[in-house]
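Visitor: I'd like to go through this protein with someone who can back up the labels. Can we take them one at a time?

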Amino acid sequence: MRLPATITALFLFAAVLFSAPATYGDTQDTITITDAWVRPTGQRAMSTAVYMTIANTGNAEAVLIGASSNAAEIVQIHKTSEENGIARMQPVERLPIAPGGTASLSPGGYHIMLIRLAAPLSAGDVIEVTLNFDGGGDITLPVTAGRP
Ligand SMILES: [Cu+2]
């Protein structure tokens, strides 16, 4: 049986969506991303945060140096830290992940900040996030709104 190309493409897309943990891309076959999610927003929200676990299964250090998304105009790597009891977010230029190590992007710590959202995000909405790694590797993955 031969399936029409559009149906085949849908199956492939579904396979990408539902295979977890997944490795994305040829150039970054040593990076595995799990538990990605984006915090749903209210109707007037201008920003929100993306969380995930990034594992480096390679022999060399991997460094996350930036990100972009179809859901926001500005995307930054942020770190939340506490100063005198007040939580502050700061942009981070580089997030290194040691060989064999993981970076946990989770509430209260590192996150991918989406600024100037294109639209509010409800639970179940799916956006696309691209991670840029030092050395030229990009990884694009679908991210669903709501805690996994
Ligand atoms: Cu932030």
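Guide: What follows is a round of questions and answers on a predicted model.

Visitor: Let's start with the overall layout. What makes up the secondary structure of the protein chain?

Guide: One helix and 11 strands. Reading along the sequence, you get the pattern α-β-β-β-β-β-β-β-β-β-β-β. Of the 148 residues, 36% count as buried.

Visitor: Now the metal. How do you know which atoms are the protein donors of the copper ion?

Guide: An N, O or S atom has to lie within 2.8 Å of this metal to count. ND1 of H78, SD of M89, NE2 of H111 and SD of M113 lie 2.1 to 2.3 Å from the copper ion, so they qualify as donors. Along the chain they follow the spacing H-x10-M-x21-H-x1-M. H78 belongs to strand 5 (residues 72–83) and M89 to strand 6 (residues 86–91), so this pair ties together parts 11 residues apart in sequence.

Visitor: And why is the site of the copper ion called tetrahedral?

Guide: With four donors, the label needs all angles to lie between 85 and 135 degrees. The angles among the four donor atoms here are 94 to 120°, so the site passes as tetrahedral.

Visitor: Is H78 buried or exposed, and how do you know?

Guide: Buried means under 20% relative accessible area. H78 has 6%, so it is buried. M89 is another matter: its 43% falls between the 20% and 50% limits, so it is called partly exposed.

Visitor: On to salt bridges. How many does a search of the whole structure find?

Guide: Three.

Visitor: What makes E73 and R116 a salt bridge?

Guide: A side-chain nitrogen of Lys or Arg must come within 4 Å of a carboxyl oxygen of Asp or Glu. For E73 and R116 the closest N and O atoms are 2.9 Å apart, so the pair qualifies. This pair links distant parts of the chain, with E73 in strand 5 and R116 in strand 9 (residues 110–117), 43 residues apart.

Visitor: Why is E73 called exposed?

Guide: The label takes over 50% relative accessible area, and E73 has 60%, so it counts as exposed. Its partner R116 comes in at 42%, so R116 counts as partly exposed.

Visitor: How do you know that R88 and E83 form a salt bridge?

Guide: By that 4 Å limit again: their closest N and O atoms are 3.6 Å apart, so they make it. R88 is partly exposed at 39% relative accessible area, and E83 is partly exposed at 37%.

Visitor: What makes R94 and D134 a salt bridge?

Guide: Their closest N and O atoms are 3.4 Å apart, which is within 4 Å, so the pair counts. R94 sits in the loop between strand 6 and strand 7 (95–97), and D134 in the loop between strand 10 and strand 11, so the pair links distant parts of the chain, 40 residues apart. R94 is partly exposed at 45%, and D134 is partly exposed at 43%.

Visitor: You mentioned strand 11. How do you know that strand 11 and strand 10 pair?

Guide: Pairing takes at least two bridges. Strand 10 (residues 126–133) and strand 11 (residues 138–145) have seven, in the antiparallel sense, so they pair. E128 stands opposite P142 there. The hairpin has four residues between the strands, and G135 takes a positive phi near 100°. Strand 2 (residues 31–38) also pairs with strand 11, over two bridges and in the parallel sense. In strand 11, T144 has W37 opposite.

Visitor: What do the side chains do along strand 11?

Guide: They alternate: I139, L141, V143 and A145 point to one face and are buried, while D138, T140, P142 and T144 point to the other and are not. That kind of alternation between the two faces of the sheet is what a regular strand shows.

Visitor: Last one. Why is S69 called buried?

Guide: Its relative accessibility is 14%, which is under 20%, so S69 counts as buried. S69 lies in strand 4 (residues 62–69).

Visitor: Which residues does S69 touch beyond four places away in sequence?

Guide: V75, L114, I127, E128 and V129. The side chain of S69 also reaches the backbone nitrogen of A71 at 3.0 Å, and a polar atom of that side chain lies 2.8 Å from the backbone oxygen of E128.

Methods
Residues numbered from 1 in each chain as written. Predicted model: local features only at pLDDT ≥ 70, side-chain atom pairs only at ≥ 80, totals over all residues. Heavy atoms only, no water. Donors = N, O, S within 2.8 Å, 3.2 Å for Na, K, Ca; no water. Tetrahedral: all angles 85-135°; square planar, octahedral: opposite > 155°, others 65-115°. Buried < 20%, exposed > 50% of the residue type's maximum accessible area, 1.4 Å probe, protein only. Polar contact = N/O pair within 3.5 Å; in protein donor to acceptor, adjacent residues only side chain to side chain. Contact = heavy atoms within 4.5 Å.
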